[in-house]
Structures are given as C-alpha cells and as structure tokens.
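Please open the structure in your viewer, with the sequence panel alongside, and follow the stops below in order.

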Amino acid sequence: MPFSALGLSEPILQAIRELGYEKPTPIQQQAIPPILEGRDIIASAQTGSGKTASFVLPLLEKLSAKPVVRAKRIRALILTPTRELAIQVEANIARYGKHLNLHSLAMYGGVDSEPQKQALIQGVDLLVATPGRLLDLAHRRALYFDELQVLVLDEADRMLDMGFIADINKIIERLPEPRQNLLFSATLSDQVRFLAQTAIHHPVEISVSDNKKTKPQIDQWLITVDKGNKSSLLSHLINEEEWQQALIFIQTKHGAAKLVSQLEKRGIKADSIHGGRSQAVRTQILDDFKTGKLSFLVATGIAARGLDIDELTRVVNYDLPDEADDYIHRIGRTGRAGASGEAISFVSKDDFRNLCAIESRLNHLITRREIEGFEASKVVPISILNYRPKHKRK
Ligand code: AMP
C-alpha cells in the first residue's frame, strides 16, 4: 500500500517523499485511516516501528484543514514521558509538516520556562509536552485547553512506570470533551488499559508488536549498602562490570569533590559539576563527558538540571534525591530513543525516607540487589507504598 492511499494530502506526501520513505509501516497502515476518521485508538507499538509518524501524519492532515489558533491555545496535545522524546517528536512534526503552516512546540522541565511561555502566546497547533511542565504552565495560565481537539499519550507504559499517573489524570480533568484520544504504548498492560478506560472511548485497538523482546527501556535497581562503603562499591562496579560511562548523582558539592578524589585514588578518572564551579568550567566538563573524553561525571542535582546528554546508558544515584520527581527526571536521562538504559541507586539506611517517597511515587518497589563484599550491615527496611512526604513539595 502506498502512502497516497491513506488519505493524506500533497504537502504531507511531499515531505514524506523528501525523507525517502517508500511505504507506510504496519502501524502507519493501521492507525492513519481510523485517526483521520476521528476514531480513538489504543495501539501497542514499539519505538522504531514508525509509531510517531502514525499519529503525527494524520494530526497534521486534520489540523492543516483549519490552521488558525488563538493566543495561548493548543489544538493537539502529545504527552511524552521524557524531554528527550518530546524533542524528538517535535522534530518529527517539523519534518513532516515542513510544507504546512502549523506551529509546534516541545515543552519540558529542567530549562527556563520563559521562552516556552513566549512561544505559547501566539498559540500552538501541536504541543508536545512532559506532564510536569505542562501542568506548571497551565497553573500559571500560560496556556488554555479550551480549543484542544486531540490528546495523544505517547509511550503510555513508560509514563506510568515513571510515576506520572497523578499528573496525567490532572491534565485529563482539564481537557474539554468531546475530543479525540490516541494512546501508544510498547505494551498494553493492565495498568495501561486502566488508564485507557478512564480517558478513551470505544477505541480501535491496534497491535503491531513484533516478536522482538519487549525489554523495559530503563532497568531500575537498587543496591543496599552502608553509607561509608558507597565510594568503594562504585569503584568496584566500574572495574568489575567494566562500565564505560556513568552519570553519578550526589547530594552535596562537598560530597562530589570528595568522591572524585576517592575515585582518582583508585585509578578512575572522574570530574564533577556542582554549584561551586563556574558556568564555563561546567560547560567544558559537560562537553568532555558528551564527547566521551570524560567517562565518569559526578553531579549534584542542581548542577545537573537541564543536562541534555544523548545516549546515556547509565545513571547512578549515589545518594537518593529528596524529591521523588528528581528521581524520575534522573532516570529519564537513560534509555533514550529505544536504547536501553540502567538506573542504579545506592541505598543506605539513611536514604530510607527518600526511598519510601520514590517507591510510593512509582507505585512499585525497585528491584534490590546486594553485591558480595558490600552487604549492608544496617538493614534498609522494605517501603510501604502509601508513603507521602510530610514536607510540602515545591
Ligand atoms: P519511531 O518508531 O516513530 O521512533 O520511528 C522510527 C524511525 O523510522 C524514525 O527514524 C523514522 O524517521 C523512520 N520511519 C518512520 N516511518 C517510516 C517509513 N514509512 N519508512 C521509512 N522510515 C520510516
């Protein structure tokens, strides 16, 4: 079946030709016609199946029929779990829509919100957003949903894994009805189906899962270890498991500098970024890490905000963050664009309160491991998943 049989108009077909796509992938063949008809769909499709074009192409088609948008209004909302995916989806919209006159925007946390607010002022046809920043800007009246026509939940399973369910529900509550709803997920687990039931009406169900393994994109696990043994455990893992690269999050700048010198004493070259270093130095170190000149980067949470590193395979939480949201952002830096990633947390008894908050937010326990020779003498209890931190979240 050629693209021209799917009901897409010439400016879109031209962009597809220019990209060298010869024919639609199975998910595109199955999803584009019902989306153009206005149906809701839930689809299980992996990254790499062409799923982004399967919703972006028909959305462009529908929205280009009437490309007018009022100030601070959006017409299609695509929710994604990570900012990397938001950026990637928006880049696809720009490519597929290059012969149309539609506005798109990627909106995500960890960066200054002012330029995003400015970009919303003139109205946006297709907004790709991570849930936290979207809610934040909606609360601040930087955008309104009253002209929204279509909601897309992209990588819904990953959003649930990352603990975004409460935010997603808050967003859905604000959206107007009737609207079209599209849900894409690597797997249609019970949790995903439950979300679909609350948001989606009589959907067409599409499954193009191939036989390839559906490996979770981010492997999360934790190692229980005594506080004083964390640095030797890190050196041990780097050496024994032959790590090539890791971004290591730590609580304080003093701790960051100390860890770098401890690693160096054991022959592991590392560097750190924290609030005590100048912006120029941080930029240089970050460049070295991105280009692979530096393999091990130790960062405090504040210094790490806004880091954008491609293809990061491993994040280590040397200390757990005080905020569950920060944990989610940190692990979201791995497993990008279908690559698998690993998020490892070192947890001592002192980290228990933060662990409870994080596991409650994820709504599941993180797989535990002990490393021989580093067994914790102070037991870290098992979390109760209904823990809510007492302090008010920012
Ligand atoms: P996705 O599954 O959306 O992440 O897409 C995976 C890759 O396939 C992207 O690099 C797309 O540019 C590419 N792609 C999407 N649709 C087609 C197609 N019909 N023919 C060839 N490549 C495609």
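The tour begins with confidence, moves to the ligand, and then follows the chain outward to a few local features.

**Confidence**

Before selecting anything, keep in mind that this is a predicted model, and colour the protein by pLDDT, which averages 88, with 91% of the residues scoring at least 70. Select strand 5 (residues 150-153), where confidence is highest at a mean of 98, and then helix 13 (residues 301-304), where confidence is lowest at a mean of 67. Next, select residues 211-216, where pLDDT stays under 50 and for which the model has three contacts beyond four places in sequence.

**The ligand and its shell**

Now select the ligand and display the 14 residues that surround it, of which the closest are Tyr21, Gln28, Gly48, Gly50 and Thr52. If you colour this shell by residue class, you should find four nonpolar, seven polar and three charged residues. Helix 3 (51-64) and helix 4 (83-96) each contribute at least two residues to the shell.

Which atoms of Tyr21 and Ser49 lie close to oxygen atoms of the ligand? For Tyr21, show the side chain, since a polar atom there is placed 2.4 Å from an oxygen atom of the ligand. For Ser49, show the backbone instead, where a polar atom is 3.0 Å from an oxygen atom of the ligand. Lys51 also presents a polar backbone atom, in this case 3.3 Å from a ligand oxygen. Taken alone, the ligand exposes 500 Å², and the protein buries 72% of that area.

**From Lys51 to Asp154**

Keep Lys51 selected and add Asp154, with which Lys51 forms a salt bridge whose closest N and O atoms are 3.0 Å apart. This pair links distant parts of the chain, for Lys51 is in helix 3 while Asp154 is in the loop between strand 5 and helix 7 (156-161), 103 residues away. Side chains of opposite charge can pair when their charged atoms come close. If you wish to look for others, the count of salt bridges comes to 19.

**Two backbone details**

Select Glu155, which is found in the loop between strand 5 and helix 7 and has a positive phi of about 50° although it is not a glycine. Finally, go to Pro178, in the loop between helix 8 (165-174) and strand 6 (180-185), and inspect the peptide bond from Glu177 to Pro178, which is cis, with omega near -5°. Most residues other than glycine have a negative phi, and most peptide bonds are trans.

Key: Residues are numbered from 1 along each chain as its sequence is written. This is a predicted model: local features need pLDDT of at least 70, side-chain atom pairs count only at pLDDT 80 or more; totals for chains, interfaces and linings use all residues. Side-chain values use heavy atoms; hydrogens and water are left out. A residue is near a molecule or strand if one of its heavy atoms lies within 4 Å of it. A polar contact is a pair of N or O atoms within 3.5 Å; within protein, one must be able to donate a hydrogen and the other to accept it, and residues adjacent in sequence count only if both atoms are side-chain atoms. Accessible areas come from the Shrake-Rupley method with a 1.4 Å probe; for residues, only the protein chains shown count as cover. Helices (H or I, at least four residues) and strands (E, at least two) are DSSP runs, numbered from the N terminus. Ala, Val, Leu, Ile, Met, Phe, Trp, Tyr, Cys and Pro count as nonpolar, Asp, Glu, Lys and Arg as charged, and the others, Gly among them, as polar. pLDDT is the predictor's confidence in each residue, from 0 to 100. Contact means heavy atoms within 4.5 Å. A salt bridge is a side-chain nitrogen of Lys or Arg within 4 Å of a carboxyl oxygen of Asp or Glu.
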